[in-house]
Amino acid sequence: MPSGRRTDSSRRRLAAVFRAMEDLGLKQTVVTDETALFYLLGQRVEPMERCAALLLTEGGVAHAFMNRLFRFHPPQGVVLHEYQDGEDVYAMLAAHLSPGELGIDGSWPSRHTIALLERRRDLVPVLGSAPVDLARTRKDEEEQALLLQAGETADRALAFGFSRLSPEESEADLARALDGFFLAQGGRQAGQYQVVCFGPSAADPHHVPGEARPRPGDAVLLDLVYPINGYWCDVTRTVFYRRVSPRHREIYQLVRRAQQTGAALVRPGVKLRDVDAAVRGVIAAGGYGDAFLTRTGHGVGLSVHEAPEVSASSETTAEPGMVFSIEPGIYLSGDVGIRIEDLVLVTEDGCRRLTHFPRELQIAG
């Protein structure tokens, strides 16, 4: 990213975090999550066992504490404090803290947190992830464009995956082929496996691909996730191999109707728990309420799972720029699993799907 654009993005995003801190009554917080640091600073830092921290304090002051090894170049407006191996970075950070509550994000290893608190006994640690999480829920135009690109790649990956179905190729074979497809499209391997399920294994929402091969009548579920230019795609489709039973067809149509109901409800001002309730209500009315094992959805962006959550406990109200999944499913152990998932972008008057692979029931192979 050019330095000028990086500075502009950092300025806007930091301002959003400072506003959220003020709304939450948090006067100082330490950001250490690698993805959050990239979001705010526009430069990737992989500290491994070392400390990399961004201190945000009331009044809009930002201090970055980075090892010289990171070759970190701060955007304009961020004060850089460099240390080298053997220097006490925790004392450096402690010197800029005020007594009282200190927000610390949830991903900082305890060895760092404890080291800091040992140097300042007057601090009260509180979970401090919320300000950055809240800022990240509303994607700016650049992020929206990247998520659209990721969605287009996911659509092509589904077509590629389903076209390869054959008795000779196992779940694991297809998962590896899909990884190769994403890498060829500019994806970056991030340790996330592709969920490939044949037959009864589709009833496990997080099934790890094995040696099973498709048999006539099997549901084939592909849940594909990959970062493309830093932003994740996440899409699921279920097809049937060579034929489908009347009962499985009926279950599929129920899941499809539930997914359509949820997407149709999304617009600014709608509470995400109400979206979850509407989706869940369709499946419950069809007699499969106990077989819907997961929440309706989750936010997607720089991380494949991030705020907001679409669930019964969600307190979030939909706002323009939010991106999250709508992914109802029915999971019947030993029989079948069916899930349909798209990412939706909340617009000014509704929502836009970011993935468009057909949702009508399909027979493959």
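**Exercise 1. Proline 47**

Where is proline 47 found? Place this residue, then describe its surroundings.

*Solution.* Step 1: proline 47 sits in the loop between α2 and β2. Helices (H or I, at least four residues) and strands (E, at least two) are DSSP runs, numbered from the N terminus. The model is a predicted one: local features need pLDDT of at least 70, side-chain atom pairs count only at pLDDT 80 or more, and totals for chains, interfaces and linings use all residues. Residues are numbered from 1 along each chain as its sequence is written, and side-chain values use heavy atoms, with hydrogens and water left out.

Step 2: check the accessibility. Proline 47 has 8% relative accessibility and counts as buried. Buried means under 20% relative accessible area, exposed means over 50%, and partly exposed lies in between (1.4 Å probe, protein chains only).

Step 3: list the contacts (heavy atoms within 4.5 Å). Leaving aside neighbours within four places in sequence, proline 47 is in contact with Glu34, Ala52 and Phe70.

Step 4: take a distance. The C-alpha atoms of proline 47 and threonine 32 are separated by 9.7 Å, and the two residues are 15 residues apart along the chain.

**Exercise 2. Helix α2 from start to end**

Describe the start of α2, its burial and what follows it.

*Solution.* Step 1: α2 covers residues 34-41. At its start, a side-chain oxygen of aspartate 33 comes to within 3.1 Å of the backbone nitrogen of threonine 35.

Step 2: seven of the eight residues of α2 are buried, so the helix is mostly covered. The buried ones are Thr35, Ala36, Leu37, Phe38, Tyr39, Leu40 and Leu41.

Step 3: just after α2 comes glycine 42, with a positive phi of about 75°.

**Exercise 3. Two helix pairs**

Describe how α2 packs with α5, and how α8 packs with α9.

*Solution.* Step 1: choose the quantities. Two packed helices are described by the angle between their axes and the distance between the axes. Axes are lines fitted to C-alpha atoms, for helices over the stretch in contact, and angles run from 0 to 180 degrees between N-to-C directions.

Step 2: take α2 and α5 (residues 130-137). They pack at about 60°, with axes 11 Å apart. They are therefore oblique to each other. Angles under 35 degrees count as roughly parallel, over 145 as roughly antiparallel, 65 to 115 as roughly perpendicular and the rest as oblique.

Step 3: the crossing of α2 and α5 is left-handed. A crossing is left-handed if the near helix is turned anticlockwise from the far one by less than a right angle, and right-handed if clockwise.

Step 4: name the residues. Thr35, Ala36, Tyr39 and Leu40 of α2 meet Val132, Ala135 and Arg136 of α5. This contact of α2 with α5 has five nonpolar, one polar and one charged residues. Ala, Val, Leu, Ile, Met, Phe, Trp, Tyr, Cys and Pro count as nonpolar, Asp, Glu, Lys and Arg as charged, and the others, Gly among them, as polar.

Step 5: turn to α8 (residues 246-265) and α9 (residues 272-285). Their angle is about 160°, with axes 8 Å apart. α8 and α9 are therefore roughly antiparallel. α8 passes α9 in a right-handed crossing.

Step 6: α8 gives Leu254, Arg257, Ala258, Thr261, Gly262 and Leu265 to the contact, and α9 gives Asp274, Val275, Ala278, Val279, Val282 and Ile283. The residues of this contact of α8 with α9 divide into eight nonpolar, two polar and two charged.

**Exercise 4. Arginine 237**

Which partners does the side chain of arginine 237 reach?

*Solution.* Step 1: arginine 237 is in strand β9 (residues 231-241). It is buried, with a relative accessible area of 1%.

Step 2: its side chain makes a polar contact with the side chain of aspartate 342 at 2.8 Å. A polar contact is a pair of N or O atoms within 3.5 Å; within protein, one must be able to donate a hydrogen and the other to accept it, and residues adjacent in sequence count only if both atoms are side-chain atoms.

Step 3: the side chain of arginine 237 also reaches the backbone oxygen of phenylalanine 357, at 2.7 Å.

**Exercise 5. Backbone exceptions**

Find the backbone features that depart from the general pattern.

*Solution.* Step 1: recall the pattern. Most residues other than glycine have a negative phi, and most peptide bonds are trans.

Step 2: methionine 48 has a positive phi, near 55°. This residue lies in the loop between α2 and β2 (53-57) and is exposed, at 65% relative accessible area.

Step 3: asparagine 229 also has a positive phi, near 55°. Its place is the loop between β8 (219-228) and β9.

Step 4: a cis peptide bond joins alanine 307 and proline 308, with omega about 5°.
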